[in-house]
Amino acid sequence: MLLWIIGFALLGSIGSIAGAALFLFFPEGIRRVLIPQLVSYATGTLLGAAFLGMIPAALQQAPANLVMTTVLVGMVLFFVLEKLVLWRHHHDNHERGAKTREGVLILVGDAFHNFVDGIVIAAAFLISIPLGVATALAVIAHEIPQEVGDFAILLDSGYDIKKALLLNSLSAATTLPGAVMAYLWLDEMHEATPYILALSAASFIYIATADMIPGLHQQVTPAALLKQLLLLVLGVGSIALFHLKINS
C-alpha cells in the first residue's frame, strides 16, 4: 500500500509540473484556447471524485451526520483560509511590488496545498486502491491548469522560466511527505480516515465551485456553454467509469 501511495504522490507532483511546464511552450494562442478546456474537465473530475468516491467511502465508515458536518465545516474552513491567502491565491493585482510578493505567496500556498493533496491521496488509498487511484487522477487533473496559472504569474512577477519551474517543482515536492506522513499516522488511527476523506471532499468541492466555476462563467456564449458542459460531464464520467470498471 505504501508503494501505491508513494508512486501516485510522485505522479501527482511530477505529472502536474511536467504537464504545466510543457504547456508553457505552446504558442500563446493555443494556451488561451486550451486552458478553459482543461479547467472545465478538471472541475468535473474534482466533483466526481468528491461525490462519487470520497463522500460515499466516508459514509460507509462513519455516521452520515458526522460525515456531512465535517464536509460543511471543511468548506467553511477553506473559505477562511482563502481569505487569509493560505489556501488559494488571487490573480488580480497588477502592481509590480505586489506581484513579487504575490509570487512568494503562491509558492507558500501551493506548498501547503500540495502537502494536503498528499494527505488526500494517502487517505483514499487506505480505503481502497480504486478510490486512491481515482483521487490521485483528480488531483493531477486539477493541478495542471492551476500550475499553468502559477507559472504565468511567476513569470509576470519577474522570474525566468527556469527559476519559475524550479521553485514550482520545490513547492510541488511537498505532496510526497504529506502522503507518507498521512500513511504513517492513519495506519494507526483508521477511525480518522472517513473524516479526512470528508475534509478532502470539501476541499475538492470548494476548489471546483469557488475557484474554477466562476472562471468558466466569464465565457457566456452558447458555444462556450456547450463545450464547458460536455467537458465537465466528461470529467465526472471519467471518474465514474473508472470506479465502475475497477469495481466490476
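## Surface patch and the end of helix 3

In this predicted model, the residues L72, V76, F79, V80 and L84 make a nonpolar surface patch of about 470 Å². One of these residues, L84, is placed in the loop between helix 3 (64-83) and helix 4 (96-127), and with a relative accessibility of 53% L84 counts as exposed, because the cut-off for that class is over 50%.

Helix 3 also holds T70, and this residue is buried, its relative accessible area being 16%. When neighbours within four places in sequence are left aside, the contacts of T70 are with Y195, A198 and L199.

## The nonpolar core

In soluble globular proteins, nonpolar side chains tend to be buried together. Here the largest nonpolar core comprises 47 residues, and those with the most contacts inside this core are L197 and F204. The elements that contribute two or more residues to the core are helix 1 (2-24), helix 2 (28-59), helix 3, helix 4, helix 5 (129-156), helix 7 and helix 8 (193-216); the largest share, 12 residues, is supplied by helix 8.

For L197, the residues touched, not counting those up to four places away in sequence, are M54, A57, A58, A123, A124, I127 and L131.

## An aromatic cluster between helix 1 and helix 4

Across the whole structure, a search finds 3 aromatic pairs. In the pair of W4 and F125, the ring centres are 6.1 Å apart and the planes stand at 40°, so the pair is classed as tilted. Since W4 belongs to helix 1 and F125 to helix 4, this pair ties together parts of the chain that are 121 residues apart in sequence. The two partners differ in their exposure: W4 is partly exposed, with a relative accessible area of 38%, whereas F125, at 0% relative accessibility, counts as buried.

A further pair is formed by F8 and F125, whose ring centres are 5.6 Å apart with planes at 45°, so that this pair, too, is tilted. The link again joins distant parts of the chain, F8 lying in helix 1 and F125 in helix 4, 117 residues apart. Both F8 and F125 are buried, and together W4, F8 and F125 form one aromatic cluster.

## An exposed position in helix 7

Helix 7 (residues 175-186) contains M181, which is exposed, with a relative accessible area of 51%. Although M181 and F115 are separated by 66 residues in sequence, the distance between them in space is 9.8 Å, taken from C-alpha to C-alpha.

Note on methods
Residues are numbered from 1 along each chain as its sequence is written. This is a predicted model: local features need pLDDT of at least 70, side-chain atom pairs count only at pLDDT 80 or more; totals for chains, interfaces and linings use all residues. Side-chain values use heavy atoms; hydrogens and water are left out. Patches are made of residues with over 30% relative accessible area and no salt bridge: like charges are joined within 9 Å, nonpolar side chains (Val, Leu, Ile, Met, Phe, Trp, Tyr) within 5 Å. Accessible areas come from the Shrake-Rupley method with a 1.4 Å probe; for residues, only the protein chains shown count as cover. A salt bridge is a side-chain nitrogen of Lys or Arg within 4 Å of a carboxyl oxygen of Asp or Glu. Helices (H or I, at least four residues) and strands (E, at least two) are DSSP runs, numbered from the N terminus. Buried means under 20% relative accessible area, exposed over 50%, partly exposed in between (1.4 Å probe, protein chains only). Contact means heavy atoms within 4.5 Å. A nonpolar core is a set of buried Ala, Val, Leu, Ile, Met, Phe, Trp, Tyr and Cys residues joined through side-chain atoms within 4.5 Å. Rings of Phe, Tyr and Trp (its six-membered ring) pair if their centres lie within 6.5 Å; planes under 30 degrees apart count as stacked, over 60 as edge-to-face and the rest as tilted.
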